[in-house]
Amino acid sequence: MTEIHGSWDARFAGVAAALGAALDADGAGASAAVFVDGEPVVDAWGGYRDAARTLPWERDTIVNVWSTTKTMVALCALLLADRGELELDAPVARYWPEFAAAGKGEVRVRHLLGHTAGLPDWGRPVTAAELCDGPAVTAALAARAPDWEPGTAAGYHAVTFGFLLGEVIARVSGRGVGRFFAEEVAAPLGADFHIGLAAEHDHRVAELLPDPEGDSPAGFPAGVADANTAAWRRAEIPALNGHGNARSVALVQSALACGGSVGGYRLLSEAGAERVFDEQFAGTDLVLGQPIRWGLGYRLENRTCSWGGWGGSVVLADAEQRMTVAYTMNQVLWQDGYSRGLEVVFAAYGGLHA
């Protein structure tokens, strides 16, 4: 049995058990966290942060969480909207004039958040090296025509989401999304999450371990080997290269479970936090090929907003129960990776109703 470290309320012991079961199965490292009313009731971790299984996963270990990063970018946009600095119904071109090219003058900011902008990719394959050159790939998106009439359909913007919203955030705030998030979200909350990672943190980054079937899923522009490089960590790839742990992810996203306030700090107004539930699309996603409800940057189900990252990381915020659950890990599983995080989520609900 893998030893689980940290702390948890007795009624949430099932979360620690679910984490342990996942680690027993994959032999790697991971962390799980549950916040209720903005306060931690589970903060647990265990396993190893390297392929050789010689370095223990520690309290301050962080890891690349892939698309769970999108929830942080979306939160930044919601924050600017709440402050009245960003109008979600405004054309993107109001803030980013170059974006109006190729018939995109009427694409709204909310289309970017709801994956309905018609820009799910670059219309051609891109490489991990290209993704590390944010200005170039962002300019390419500004020049590109949409694949469908914006607002009429949804298609998961797996990689483009971060560059599109990140540029809007930069144009509005005068700061890149990584810096904006660090100064306006992470710092006041005391959250150890980073979009673009400084070298000083490299020593505590968990090594991602590839799926036994391969380094990356078919057609995806980056793989585990890319994410384990310094070039990837230094870059600002706002849909994919956020680094954190379950504690920091759950802490930040608790703002949406708790009406905008976390640990005595008000990040958003109650109305600003509620906007996440504004449905942007309900139906079959053209990229994912499955039914989904998209809100403003998150998947919606009842009073929950959630998303996860390639390989298995996940975060869910429940505004009815005022609970947030997060799971991060370094063993990437492309096909069934989410089952581990979902077991943590189910265990958290079990504890809530114990």
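## Two pockets

About 170 Å³ of space lies in the second largest pocket of this predicted model. Among the residues that line this pocket are G134, P135, T138, F163, E167, V177 and E236. Two elements, helix 6 (134-143) and helix 7 (160-173), each give two or more residues to that lining. Helix 7 gives the most, with five residues. Sorted by class, the lining of the second largest pocket holds five nonpolar, five polar and two charged residues.

Now for the largest pocket, which has a volume of about 1100 Å³. Its lining is made up of 39 residues, and Y156, L288, Q290, W307 and Y338 are the ones that lie nearest the centre. Strand 11 (299-301), strand 12 (304-308), strand 13 (314-318) and helix 13 (338-352) are the elements that give two or more residues to this lining. The largest share, five residues, comes from helix 13. By class, the lining of the largest pocket has 26 nonpolar, nine polar and four charged residues.

## An enclosed helix

Helix 2 is a good place to look next. This helix runs over residues 69-82, and at 1.5 Å a residue its 14 residues should span 20 Å; the C-alpha atoms at its ends are 20 Å apart, so the two values agree.

Is helix 2 enclosed by the rest of the structure or left open? Buried here means under 20% relative accessible area. Of the 14 residues of helix 2, 13 are buried, so this helix is largely enclosed by the rest of the structure. Just after helix 2, G84 takes a positive phi of about 80°.

## Aromatic rings

The structure holds 11 aromatic pairs. One of them joins W66 and W232 in a tilted arrangement, with 5.6 Å from centre to centre and 55° between the planes. This pair links distant parts of the chain: W66 sits in the loop between strand 4 (63-64) and helix 2, while W232 belongs to helix 10 (residues 230-234), 166 residues apart.

Both partners are tucked away. W66 counts as buried because its relative accessibility is 0%, and W232 counts as buried because its value is 1%. Ring pairs also join W66 and W232 with F220, W310 and W334 in a cluster.

## Charges over rings

Two further rings have a charged neighbour. The charged end of K104 sits over the ring of F99, 4.8 Å from the ring centre. In the case of F277, the charged end of R303 sits over the ring, 4.6 Å from its centre.

Terms used:
Residues numbered from 1 in each chain as written. Predicted model: local features only at pLDDT ≥ 70, side-chain atom pairs only at ≥ 80, totals over all residues. Heavy atoms only, no water. Helix = DSSP H or I, 4+ residues; strand = E, 2+ residues; numbered from the N terminus. Expected span 1.5 Å × (residues − 1). Buried < 20%, exposed > 50% of the residue type's maximum accessible area, 1.4 Å probe, protein only. 1 Å grid on protein atoms, 1.4 Å probe; cavity = no way out; pocket = protein on both sides within 12 Å on 5 of 7 lines; lining within 4 Å. Points joined across faces, edges and corners; volume = space filled by probe spheres on them. Nonpolar A, V, L, I, M, F, W, Y, C, P; charged D, E, K, R; others polar. Phe/Tyr/Trp six-rings, centres within 6.5 Å; stacked < 30°, edge-to-face > 60°. Lys NZ or Arg CZ within 6 Å of the ring centre and 35° of its normal.
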